[in-house]
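The exercises below are meant to be worked through with the sequence and the model side by side. Please attempt each task before reading its solution.

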Amino acid sequence: PAVRGSALVSVQQLSKGSPGLVNSMRPLLHTMVSSDANQAVRRLALVCLRNGSPQRETIVLLNGLAEDDDEEPELRKTARTVAAELKKRAGARP
């Protein structure tokens, strides 16, 4: 878990202002967000998705997590926040 967490922090830092890295890793990030056993890793993957392009499939996944009562409150809150930011960016596109 520590290695995944460190790698995700690096991805998050490197992807600020440049969504290409996150976009290329999107399937892996979706899997981590959905099913990793470590809650911290899941939240870090959510934060990484924030820096990617606002793709519909990501927003749908995050909204689903935000509404899932079986998920931890902090994960739900982070998913809701990231989904809202991506939706806002998607609406701002020309």
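**Exercise 1. Fold and overall form**

How many helices and how many strands does the chain have?

Solution. This is a predicted model, in which local features need pLDDT of at least 70 and side-chain atom pairs count only at pLDDT 80 or more, while totals for chains, interfaces and linings use all residues. Residues are numbered from 1 along each chain as its sequence is written, and side-chain values use heavy atoms, with hydrogens and water left out.

Step 1: helices (H or I, at least four residues) and strands (E, at least two) are taken as DSSP runs, numbered from the N terminus. Counted in this way, the chain has five helices and zero strands, and its pattern along the sequence reads α-α-α-α-α.

Step 2: the radius of gyration of the chain is 12 Å, close to the 12 Å that the globule rule gives for 94 residues, so the chain is as compact as a globular protein of that length. This radius is taken over C-alpha atoms, and the rule is 2.2 Å times the number of residues to the power 0.38. Along the principal axes, the C-alpha trace spans about 40 × 30 × 20 Å.

**Exercise 2. Confidence**

Establish which element has the lowest mean pLDDT and which has the highest.

Solution. pLDDT is the predictor's confidence in each residue, from 0 to 100. For the chain the mean is 90, and 96% of the residues reach 70 or more. Among the elements, helix α1 (residues 2-14) has the lowest mean, 79, whereas α4 has the highest, 96.

**Exercise 3. Two buried residues**

Locate N51 and T58, and list their contacts beyond four places in sequence.

Solution. Step 1: buried means under 20% relative accessible area, exposed over 50%, and partly exposed in between (1.4 Å probe, protein chains only). Of the 94 residues of the chain, 39% count as buried.

Step 2: N51 is placed in the loop between α3 (39-50) and α4 (56-67), and with a relative accessible area of 15% N51 is buried. Contact means heavy atoms within 4.5 Å; leaving out residues up to four places away in sequence, N51 touches Q12, S15, K16, P19, V22 and R89. The C-alpha atoms of N51 and E85, which are 34 residues apart along the chain, are separated by 9.8 Å.

Step 3: T58 has its place in helix α4, and at 0% relative accessibility T58 counts as buried. Apart from neighbours within four places in sequence, T58 is in contact with R26, H30, L49 and L86.
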